[in-house]
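Take a look at the model below. The text that follows walks through it step by step.

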Amino acid sequence: MRWASSPALAPLRTLAAPRTFRTPTLAANAEELPMTTRTSGQAALAAGLHGWLTARLALYLDRPEGTLDDRTPLVAYGMDSVTALSLCGDLEDEHGLIVDPNLVWDHPTIAAIVDHLTPRLTMPSTRVNP
């Protein structure tokens with residue numbers, strides 16, 4: 001299969017590779033973090049991102065928002081590579097963030113994604129001009 005070794009398919013092979021999940025030691029939401037860890041502005045950004053992300057994932061995964069637990073790996077709800085790529089596009093469109101398609105695999109829970117992305121929301125150099 002000559003096409004299987006194509007360099008253009010390398011990102012897809014990476015997405016399909018088996019992943020091990022790290023158990024995050026992150027707060028489930030911004031309010032659980034001590035104020036020495038997050039400023040009030042960051043806490044507000046984290047809470048807003050958490051709400052947006054939960055709503056978007058509930059839509060993609062065809063589940064009620066209240067059934068998504070912050071600490072459950074998203075693959076347990078049916079997250080796949082197509083949904084992960086769609087989420088990356090939405091993060092760019094809605095929040096101006098360019099994220100790696102491996103985001104969901106490297107940060108497998110809602111809490112982990114929020115903790116990873118919140119600092120980037122406050123850094124203009126990582127955002128796309130809308």
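Of the chain's 130 residues, 38% count as buried. The model is a predicted one. Its accessible surface comes to about 7,500 Å². Carbon and sulfur atoms hold 58% of that surface.

Now the fold. The chain has five helices and zero strands. Read from the N terminus, the order of elements is α-α-α-α-α. Contacts reach far along the sequence: among those with a separation of 6 or more, 63% join residues 24 or more positions apart.

Next, the inside. The largest nonpolar core has 25 residues. Those that touch the most other members are L53, L57, L74, M79, L91, V104 and L117. Four elements give two or more residues to this core: helix 2 (40–61), helix 3 (81–95), helix 4 (103–106) and helix 5 (110–121). Helix 2 provides the largest share, seven residues.

Helix 2 deserves a closer look. Is its length what one would expect, or not, for 22 residues at 1.5 Å a residue? The expected span is 32 Å, and the end C-alpha atoms lie 31 Å apart, so the two agree. Its buried residues are A43, A46, L49, H50, W52, L53, T54, R56, L57, A58 and L61. Several of these positions are spaced in a way that fits a general rule. An α-helix has 3.6 residues a turn, so residues three or four places apart point the same way. The cover over the buried residues of helix 2 includes helix 3 and helix 5.

Two core residues show how the parts meet. L91 lies in helix 3. Is L91 buried or exposed? Its relative accessibility is 0%, under the 20% cut-off, so L91 counts as buried. L91 and L53 are 38 residues apart in sequence, yet 8.8 Å apart in space, C-alpha to C-alpha. Beyond its neighbours within four places in sequence, L91 is in contact with L49, W52, G96, L97, V99, L103 and L117. M79 is the other example. Setting aside residues up to four places away in sequence, M79 touches L57, L61, L74, A84, V104 and W105.

Last comes the end of helix 2. Just after this helix, D62 takes a positive phi of about 55 degrees. Most residues other than glycine have a negative phi. D62 is not a glycine, and still its phi is positive. D62 sits in the loop between helix 2 and helix 3. With 71% relative accessibility, over the 50% cut-off, D62 counts as exposed.

Technical notes: Residues are numbered from 1 along each chain as its sequence is written. This is a predicted model: local features need pLDDT of at least 70, side-chain atom pairs count only at pLDDT 80 or more; totals for chains, interfaces and linings use all residues. Side-chain values use heavy atoms; hydrogens and water are left out. A nonpolar core is a set of buried Ala, Val, Leu, Ile, Met, Phe, Trp, Tyr and Cys residues joined through side-chain atoms within 4.5 Å. Buried means under 20% relative accessible area, exposed over 50%, partly exposed in between (1.4 Å probe, protein chains only). Contact means heavy atoms within 4.5 Å. The expected span of a helix is 1.5 Å times one less than its number of residues. Accessible areas come from the Shrake-Rupley method with a 1.4 Å probe; for residues, only the protein chains shown count as cover.
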